[in-house]
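User: I am new to this structure and would like a close look at a single part of it, the strand that I will point to once the model is shown. Please start there and then work outwards to the sheets and helices.

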Amino acid sequence: MFRFIVRRLLVTIPTILVVISITWVLIKLAPGNFYSGEKPLPAAIEKSIREKYGLDKPWYHQYGKTMWGIVGHLDFGTSLRFQGQSVNTIIKRSLPVSATVGILAYLLALIVGITVGSIAALKQNSKWDYGSMALAMLGISVPNFVLGPILILIFSLGLYWLPPSRWGGFPSRSLILPVITLSAIYMAYIARLTRAGMLEVLRSDYIRTARAKGLSERDVLIRHALRGGLMPVISYTGPALAFLLTGTVVIERIFALPGLGNYFIQASLNRDEPLIIGIVAFIAMTLLFMNLLVDIAYAFLDPRVRYQ
Amino acid sequence: MATEKKPEPDDLIHIGPEMAVAEADLRSEETGAFIHGTSLWRDAWRRLLKNKLAVFGLVVVVIVTISSIVGPTLIQRIFGFTPDYIPSHDPALTKSFPPFTGPNNEFSWAHPFGTDNAGRDQLARVLQGGQISLFVGILSTLVSLVIGVSYGAIAGYVGGRVDNVMMRIVDVLYSLPYVIIVIVLLSMFRSQTPRGQLILLFIAIGSVSWLTMARIVRGQVLSLKNQEFVLAARATGVSNSRIIFRHLVPNTLGPVIVYTTLTIPQIMLTEAFLSFLGFGVQAPLASWGSLAADGIQNIAIFPWQLIFPGVTMALTLFSLNFLGDGLRDALDPQMRTV
Amino acid sequence: MSSGKFRQIVGLVLLASLAFSTYSCTVASSDEEFFGTTTPPTRNIFRYVTGDEPASLDPAISNGQPEARIYMALYEGLVEYNPKTLAPEPALAERWHINNDSSEFTFHLRTTGRWSNGDPIDANDFVYSFRRALNKKTASRNAYLASYLKYAKAYNEQQVFVRDPQTGQFLLARDFQENPPAEAIGNSPIDPAKSEYLPDPNETTPDPDTAFHHLMHSPLRLTLPGDEKSRSKMIAADPKLKAAVAGKEFVQVVGEDIGVEAVDKYTVRLNLMQQAPFFLGLLAHQVFRLQPRKAVEQWGDQWTQPEHIVTCGPFKMKTWVPYDKLVLERDPMYWDAQNVKLEELHFYPILDNATVMNLYKVGELDAVYNRAVPTPWLHVIRHKKDYMDKAEAALDYLIMNTTKPPLDNPKVRKAFNLSIDKEAYANWRQIIKPLTTFMPEGMFPGYPQPKGPAFNPAEARRLLGEAGYPVIQNSDGTYSCPKFPVDQVEFIYNSQSANKSVAEWMQAQWKQNLGITVALRNMEWKTFLDTRANLEYKGFARGAYGADYMDPFTFLTVFYTAEESGTGWLDPKYIAMLDEANRTLDQKTRYELLAKAEAYMLDNQPVIPLDTPSVNWLKKPYVKGMYPNPASLFAWKYVYIERDRAKWDYGTPSLTAE
């Protein structure tokens, strides 16, 4: 296990550096500048801006400075678009927003998904089963950027019940729509995974043994069936959390939330080099770390892995 | 009950939502159980036809495909306008009308889906969008199929150090935040012609969606390569490439077909996602994603601009997913024993 | 597999789509007087979207309009924009006088000015702020606006004076210019008619006997580039200069040299390079607003952080969460605090128009910023009573790359201009006015606007024929122009649906009237800007310009430098005409000369004027004291929430009443 983790970490670090370098090259190749606007700037002013941000230096100097900042002190520099704000501060400020929405959405998805999936499995082939699985399929098929605006249309613009966008802090009413929109697809997947996992486990020998031992149905279900049936859900959690990150890009755009995704899109369009690199590196790290965690969790939870 | 193989930790990581499902469903098939005669396919087809939802999916997909292909021409024959026709001669017509409504608020058959901001017929636009969306979905899937199958089969067949290196590369690619990099790429380099943009999209989407396919095929090949028919072929002096592409690959078709069917909706969703962010298909071409993205800008006042492309897209993805599910059930040996 | 499941799902899908379509139609067709709710907020707060997140809260740095509106709440300068007309009115300066040739402005500050931390504001704060804004290290995007100030440009570009080490004499600019402009010396007596806000008769303007004062009132010194390389190149190219510089030393232009002077504690005097009658109006611009010396020196570029910031406007910082909200509250230290009506001012940074409009509809916003109403909505929204509409001090036009054939031929450029039916175009775009010249019509009273040519496709075809591209009428009545090199022209625009439809419209016009199909090419925003600025396009590009100050010169200056127009058209004759106009003291003659220059430029047709846009925004009827003005800049201290329905605005508020 330990060797596995070490090996993984050894692959992780060069991977992140490669990602950062690719991003850096892409930004350097791209036409346009962070300061360009509808009114062209006089040449002298453009020059003083370039000097202020070190853009007049040769490329290896700029690359070296960026990499040294990141490798040496985990410092991504200062945003070009947002004067005087360091990238680290921006990430620190926007991460909680994305994380709040993402975690709430995943919790909601877990609760609803597991409940629905278990019911569907226990009542296999009933109308509950069919109904919930059809709904789950719908959840997978409706893109969140269609679902979100439709919810806004109904609950906000039509009924005036909930705010259509903006961040209201936690907890607040303005979280309801984004969390539901983001969780829909995960809810659907989790319901399907739970159902499949439970069905498999319910047919397995150890459940038969447990029943034969005379355990109550409740004990069988909760202590044995659910635990085994949730394995696919757990292995799904890692990738899901990582993909929540891209999901939040859409949600943050639709609901105008000041999260990482929104900053990232804006930064890309604004050619805000330090901010783009900072967010890309941060997301890459999170993703790799999350995957590692899930692998470890899997090893601890799955008896088949453990006992081998 | 097929014996469960211990999932390698590496096989479980870095998987998108769709892929996790696909792989979880496929994992138990790595015994190479489908090396039988053609009756297997006939069997599968029969089972598929019994599955009403899958048939529903198939029918909807066929209808949507056919109407996307012939619809715009048909509309042009009947009403006389193309999807990109803007009635620019008359300011009163270049605006968004609700469904079944004419310029003077009267009932009209001309625009059953209403019109968009420039007065273009939405039905024609949605059908034309379908062409692009399906085209992107199918072509990108084919790209990923070709790369993924070759890569996976070679890695699996050659094995040893080569396999190890090839799969490490896949691992590293998996761990890249690819959507993020694609966004950086597309936000800075947008092609100036719609066709160029479409090619950029293919490259962007196709180049990242072959990874799971490669893993699936590799797993299949690993379990097949020591079976008698392969050994026999090798003994008779058949070349390696011939063994890979004539003997091994055809035997992995079952899972490949299932995964392919499930990849198409996923790629269509990715395209729509990129179009929503403004990086995808560009006007005058339209995809369901870009139409929905335009519609979102107007929900407060012209909601039909979102609802029609959105519902059409959702319905198609819904059907494709059911079809994929049905195919899996039909081809899954486990289901046969139940 | 039961058929029940099947039916259920088909039913579900059909039901859902049906429900949405019927529901959506009812939402859209609701025939309300206003767009959305009209319940005033419970407290005296005003919630507004000013555009994207501000680049900085430092008024010296950013040139954006979203920022400008925030700066108007946080900072003040010598003068402030009138909420209706945008004419300069007293702010921290209470009274002022302008000398006869409008090259010297003397401001008398009010003694009650206070920073938000309670420190008094005096003349030295202005001297500091001007020098800081012009410092190269500040990298202000707006520094060019101050270039009328003496030596401001030289200081900003780190140029050098040339001094004789023996005599201490400096070389003078007039000795090296062929046609030296009439110099502003600023010694002429003051003409009282120049100012609305006259100083007290007993108030004196001392002429202190200081070195600086003498510098300001002596002929302009010669300045050369500070950068060694370009300086040597310049000297080498000019034998006269070369001879003059020999044995001389170069002296860096420093902040202390620029034309701003604290005459006494409450008197500020500005000295200009040239006569610039419009300069007073320019002084309300953000780049001339005060920056707090103490905070800047203590905190460096962190001084705008909420915990460090010190301001001088009617509002001060309460909380700031970037990309979420900026909350300002009434500043009790402000000199006019008793007249500030709002308790708090909330700015929400949102870029997406649809989001802004949704928030406004449900009453989470009290007004939206200019151009937030998407153009396609106008045919519905403009009939609402909360819709604001007024001609904007801005222009929309097409520029042409005049350096590449076939558009290097003015006849071809004219033909393309003449073949656009601008009336029909304006009709289609609904709220814009057709434009044939390069000045919003009627924006500057007394300006004798030249008349541009009207739509004339026959003449256009004739001109094209003269240029060597005969237009042929086909048997079906359409035109074609077989000789025209279609592959040499394109129309570039940035990806945005509004721009695209305009491009398509133009394309259709040229096809219809000239038989030429110009290819359209859309680009990502930053790529577009780069391509246009570097003349890397061939053919046409979309262009737009908003006034920096309320004077015709703000528009004509587009073709004054090589960088700005993006057309490659730079005519010394045009520049000389503008210089002559700005040397002229009499407003009427000056306007006439400017108009002559405009006509000359139009005759060369580097640009195809299209329209004067219109401000279009919404404000809830209970918002009062906020007027649609040509630049959409609002003096926030006048804005208030009216709870009495009878006093609400139903329609655009009158600019003359009240």
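User: Which residues point one way from β23(C), and which point the other way?

Analyst: In this predicted model, Ser614(C), Asn616(C) and Leu618(C) point one way from β23(C), while Val615(C) and Trp617(C) point the other way, and all of them are buried. The strand itself, β23 of chain C, spans residues 614–618 and is mostly covered, with 5 of its 5 residues counted as buried. Its partner is strand β14 of chain C, made of residues 387–391, and the two pair in the antiparallel sense over 5 bridges. Within that pairing, Asp389(C) has Asn616(C) in β23(C) as its bridge partner, and Asn616(C) is also one of the buried residues that point to the side of Ser614(C) and Leu618(C). As a general point, the strands of a sheet pair through backbone hydrogen bonds, either parallel or antiparallel.

Moving outwards in chain C, there is an open sheet of 6 strands with mixed pairing, in the order β16-β22-β15-β21-β19-β20. Its edges are taken by β16 (433–434) and β20 (519–523) of chain C, each of which has a single partner strand, so that one side of each is left without a neighbour in the sheet. Further in, strand β19 (residues 490–494) of chain C and strand β21 (residues 539–546) of chain C run parallel and are joined by 3 bridges; in this pairing, Phe491(C) has Phe540(C) of β21(C) as its bridge partner. Helix α16 of chain C, residues 525–533, packs on this sheet and touches β19, β20 and β21 of chain C, with a direction that makes about 135° with that of β19(C).

Another open sheet of chain C has 4 strands in the order β1-β13-β12-β11, again with mixed pairing. Here β1 (45–51) and β11 (315–321) of chain C stand at the edges, and because each has a single partner strand, one side of each is left without a neighbour in the sheet. On average, and with direction ignored, neighbouring strands of this sheet are turned by 25° against each other. Between the edges, strand β12 (residues 325–330) of chain C and strand β13 (residues 344–349) of chain C run antiparallel and are joined by 4 bridges, with Val327(C) standing opposite His346(C) in β13(C). Helix α2 of chain C, residues 65–74, lies across β1, β11, β12 and β13 of chain C and runs at about 150° to β1(C).

Chain C also offers a helix pair to look at. Helix α12 (residues 410–418) of chain C and helix α14 (residues 457–466) of chain C have axes that come within 8 Å and cross at roughly 160°, which means that α12(C) is roughly antiparallel to α14(C). The crossing of these two helices, α12(C) and α14(C), is left-handed. On the α12(C) side the contact is made by Lys411(C), Val412(C), Lys414(C), Ala415(C) and Leu418(C), and on the α14(C) side by Pro457(C), Glu459(C), Ala460(C), Leu463(C), Leu464(C) and Glu466(C). Sorted by class, the contact of α12(C) with α14(C) holds 7 nonpolar, no polar and 4 charged residues.

Chain B can be read beside this, since the record of its elements shows 15 helices and 0 strands. Of the 338 residues in chain B, 56% are buried. Among the contacts in chain B with a separation of 6 or more, 71% come from residues 24 or more positions apart.

One helix pair in chain B is formed by α5 (residues 122–158) and α8 (residues 194–206), whose axes come within 9 Å and cross at roughly 50°. The helices α5(B) and α8(B) are therefore oblique to each other, and α5(B) passes α8(B) in a right-handed crossing. Val136(B), Leu139(B), Ser140(B), Val143(B) and Ser144(B) of α5(B) make the contact with Leu201(B), Phe202(B), Ile205(B) and Gly206(B) of α8(B), and by class this contact has 6 nonpolar, 3 polar and no charged residues.

A further pair in chain B consists of helix α12 (residues 253–276) and helix α13 (residues 288–296), which pack at an angle of about 35° with their axes 7 Å apart. The crossing of α12(B) and α13(B) is right-handed.

How values were computed
Residues numbered from 1 in each chain as written. Chains lettered and ligands numbered in written order. Predicted model: local features only at pLDDT ≥ 70, side-chain atom pairs only at ≥ 80, totals over all residues. Pairing = 2+ DSSP bridges. Axes fitted to C-alpha atoms, helices over the stretch in contact; angles between N-to-C directions. Contact = placed C-beta atoms within 7 Å. Left-handed = near helix turned anticlockwise from the far one by under 90°. Parallel < 35°, antiparallel > 145°, perpendicular 65-115°, else oblique. Nonpolar A, V, L, I, M, F, W, Y, C, P; charged D, E, K, R; others polar. Buried ≥ 20, exposed ≤ 12 C-beta atoms within 10 Å, placed from the backbone.
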